[in-house]
Structure formats: structure tokens, C-alpha cells
Amino acid sequence: MPSSRLFTPILIGGSLILLINFALRASFGVFQIPIAADFGWPRAEFSLAIAIQNLAWGIGQPIFGALAERWGDRWAIILGAILYSAGLILTAFATSPATMQLLEVMVGFGIAGTGFGVILAVVGRAASDENRSLALGIATAAGSAGQVFGAPLAEVLLGFYSWQMVFVIFGVIVLACMAFLPMLGDGKPASRHELEESLGSVLGRAFRDPSFLMIFVGFFSCGYQLGFITAHFPAMITEMCGPINPMGTLASIGITTTSALGAVAISLIGLANIAGSIMAGWLGKRYTKKYLLAGIYTLRTIAAAAFILLPITPASVVIFSLVMGALWLATVPLTSGLIAYIYGLRYMGTLYGFVFLSHQIGSFLGVWLGGKLYDLHGDYTMVWWVGVGVGALSALIHLPVREAPSRLPAAVPTV
């Protein structure tokens, strides 16, 4: 049965797995310039590889959610870790864009098996109704904690090793998440009411529900913005930010180049989101989740528009990173909690997986368009404005969501 305690071994173990997952995933933007310089590829080539990775992650999420519900969470996570590790190591030996892009399918599926869809379902099922929203927020924050040091770690390692060797090192690190599997337990509590309904019935009911479709569409912009920033923000800052004052605060702590600032910006986003995700989970147990989501997307839209309209300076990069970070994954505990509240816990992993597919379609477009439009126009301004527009759409589309438990139709008497 769900525990009345907030901090359980399941929450701690799941959080540690997410920390490793996102530390590595958040570092890929740091490799944009080294890989392009090594091979002489256009920016769009590695961007497409990361975009494919994000799309594969989205496609794999409902698959791994269903595998976890059918065969058990541990087996899904083990398979995900093996695919993640193998994909990273094999990518180190890729010498053509097509090979690298194909291997990112494996990496994306690996991220799905060790990421939010599986882990948040485990955490959500194990938490009490009172603690569920906050527990989901804490687990989400753990992913942000990984992001704090993932990009800077990659930047440091690139100072000593080739990008290929760094990929191999990361491939070994990802296997460490399997050490935390014993903490997750075996139980998957679900109510008798939930167990009476098949997966097919739940999916059919969800996709006929306008609220589910609005949540599905709304999560698209979250993926677009996060995918673009993770993959391109370090390079964008390197090339578009004004110079760092050699006598200023940043220089005094060792950040002397815009390249270093780009890696630190990803870290600042992750740092701010630790607080943002926990706060979103705390608010989600007290206020209407759909209005919180609409508010988050509205604030993102305003912050993104202000950043691109004003001169890009080291100060504006730091401020934007902290503001965006507070809103970064704050949508995840609210979206997953909303799905659990409306449709129940039994198939939470699979239903969240389908919603997350929309997130990753957005992420695919954000990453790919970032590279494509950069090659066409020489900067990231146009693709940034697209992100502002889709953010505004998500703010509006969450408002009509019907936030109430979806009930089964009454059983038909047998004769």
C-alpha cells in the first residue's frame, strides 16, 4: 500500500536514477561545437541527431511505461540503462551524420527506460494521496539536480579528453543507475476499481476525452522550449552574448568565456529548477493544477520574449537562466499529477508516456529547427520566437481542461 511517509526508499532510489539520467542528457548541447569542428558538419547535422534522440525518447516512453506495467519496473529500467549506455558508447565511434543519428534512436529509448515515464509512475503509485504531488515534484527536482552538474562536467572533461572519450565515460556512468534498483521495491499498488479496467479501455477513454487531448497538445511547447535550450543555448550564448567583463563577478569565479557561460547557464537552469519543481509539487496539492500550468507557460512566454528583445549580455543570460530554471520542469509534477488524478494510478506510466510523446515531438522540432534555421539565417532569433508562440498556445489550451476524476461507465448486468 502507499506509504504515509514522504521520503521513502522508492522516492530516494527513483530520484537518484533520474539524477544520473538527466545529468548526462542535459550535457548534449555542450557537444554541438566540438563535434561540428571535428567533422566540419553543418550545425543541423548534430542538431538532427539530438532531435531524433528526443523523438525516440518520446516514442519509447509509452512503450516502456507499458513494459513496466506488464513485466515490472525493474526490467524496464534495466533494459533502458543498457540501451542508454550502449548508444552512448557506440556514438563515440560514429564518423558520419547518418550513423550518429541512427544511434541516437538507441540513446533516446534508453533515456525513456530510465526517465520520467517509468520513475514517476513508480513514485506516484507508492506515495499517499496527500504526498503524491510533492513526491512527484521532489523526483522531478532530482532530474534538475543532475542538470546542475551534467553540462559543466562535460565541459571539464572536454578539456582533458576528446568528445568521443567523454561519450564512453558517460556510457559507463549511466549503468550506475542499476545500483539503485533494490530501493524501488516490487509493489505496484492499484485500487480494485482501477484493476477492473484494461489498458486498452483506459487508452480509448483517454483519447476520447477532450481534456486528455488538450493536455497532450499543451505539453508540446514544454518539449519545444526545453529541447531547444538544452541543445542550443550553450552555442547560442557562445556566439550571441556580449563579452564578459574581465573585472566582473563572473570572471572572478573563473567564468571568463561565453563558452563557459553557456555550460554554466544550463547548470543554473537546473539549480533553479530544484526549487521550482518542489514548489510546483507543493502548490499542486493545494491549488488547481491546470491553472498552475497555464500560469507557468505564461511566465515562460514573457521571460523568453523579454530575453530576445533585450540585448543579450552575461547578466541577462544569468537572470534568464534562473527565471527559466524555476519554470523548467515545474510542468512535469503538475502534468503527471493531473493524469494520475483524472485517470488513476494503474496505467499512469503509459498515459503519461503518451502525453510525453507530444512533449518530445515538440522537443524534436525545437532541436532540429534550431540547427536548420541557424544554418539558414546565421543565428537563433527566428526559432526562439517560434518558442514564444507555442508557449502562449500552451498557456491558453490548459484553461478548458476538466480537472475531475474520470469515472468508469456503470457495469452492464449479466443475465
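1. Leu175 sits in the loop between helix H8 (163-174) and helix H9 (192-195). Keep in mind throughout that this is a predicted model. With a relative accessible area of 35%, Leu175 comes out as partly exposed, because that value falls between the 20% and 50% cut-offs. Setting aside neighbours within four places in sequence, Leu175 is in contact with Ala81 and Ser85. The C-alpha atoms of Leu175 and Leu83 are 9.8 Å apart, though 92 residues separate the two along the chain.

2. On to the cysteines. How many disulfides does the structure hold? The count is 0. Cys177 has a relative accessibility of 1%, so it counts as buried. Cys241, at 11% relative accessibility, counts as buried too.

3. Cys241 turns up again around Thr258, a residue of helix H13 (residues 258-284). Is Thr258 buried or exposed? At 16% relative accessibility, Thr258 is buried, because the cut-off is under 20%. A polar atom of the Thr258 side chain lies 2.9 Å from the backbone oxygen of Thr238. Beyond residues up to four places away in sequence, Thr258 touches Thr238 and Cys241, along with Ile237, Gly242 and Ile244.

4. Ser15 is worth a look as well. This residue belongs to helix H1 (residues 9-25), and its relative accessible area of 10% makes it buried. What lies 2.7 Å from a polar atom of the Ser15 side chain? That partner is the backbone oxygen of Leu11. Once neighbours within four places in sequence are left out, the contacts of Ser15 are Ile138, Ala139 and Ala142.

5. Now the nonpolar side of things. The largest nonpolar core has 121 residues, and the members touching the most others are Phe31, Ile229, Phe233, Met236 and Trp384. Which helix gives this core its largest share? Helix H11 (residues 210-240) does, with 14 residues.

6. Ile229 deserves its own point, being one of the core members that touch the most others. Apart from neighbours within four places in sequence, its contacts include two tryptophans, Trp328 and Trp384. Ile229 is also in contact with Pro234, Ile266, Ile269, Phe320 and Met324. Trp384 therefore appears twice here: as a contact of Ile229 and among the residues touching the most other core members.

Terms used. Residues are numbered from 1 along each chain as its sequence is written. This is a predicted model: local features need pLDDT of at least 70, side-chain atom pairs count only at pLDDT 80 or more; totals for chains, interfaces and linings use all residues. Side-chain values use heavy atoms; hydrogens and water are left out. A disulfide is a pair of cysteine sulfur atoms within 2.5 Å. Buried means under 20% relative accessible area, exposed over 50%, partly exposed in between (1.4 Å probe, protein chains only). Helices (H or I, at least four residues) and strands (E, at least two) are DSSP runs, numbered from the N terminus. A polar contact is a pair of N or O atoms within 3.5 Å; within protein, one must be able to donate a hydrogen and the other to accept it, and residues adjacent in sequence count only if both atoms are side-chain atoms. Contact means heavy atoms within 4.5 Å. A nonpolar core is a set of buried Ala, Val, Leu, Ile, Met, Phe, Trp, Tyr and Cys residues joined through side-chain atoms within 4.5 Å.
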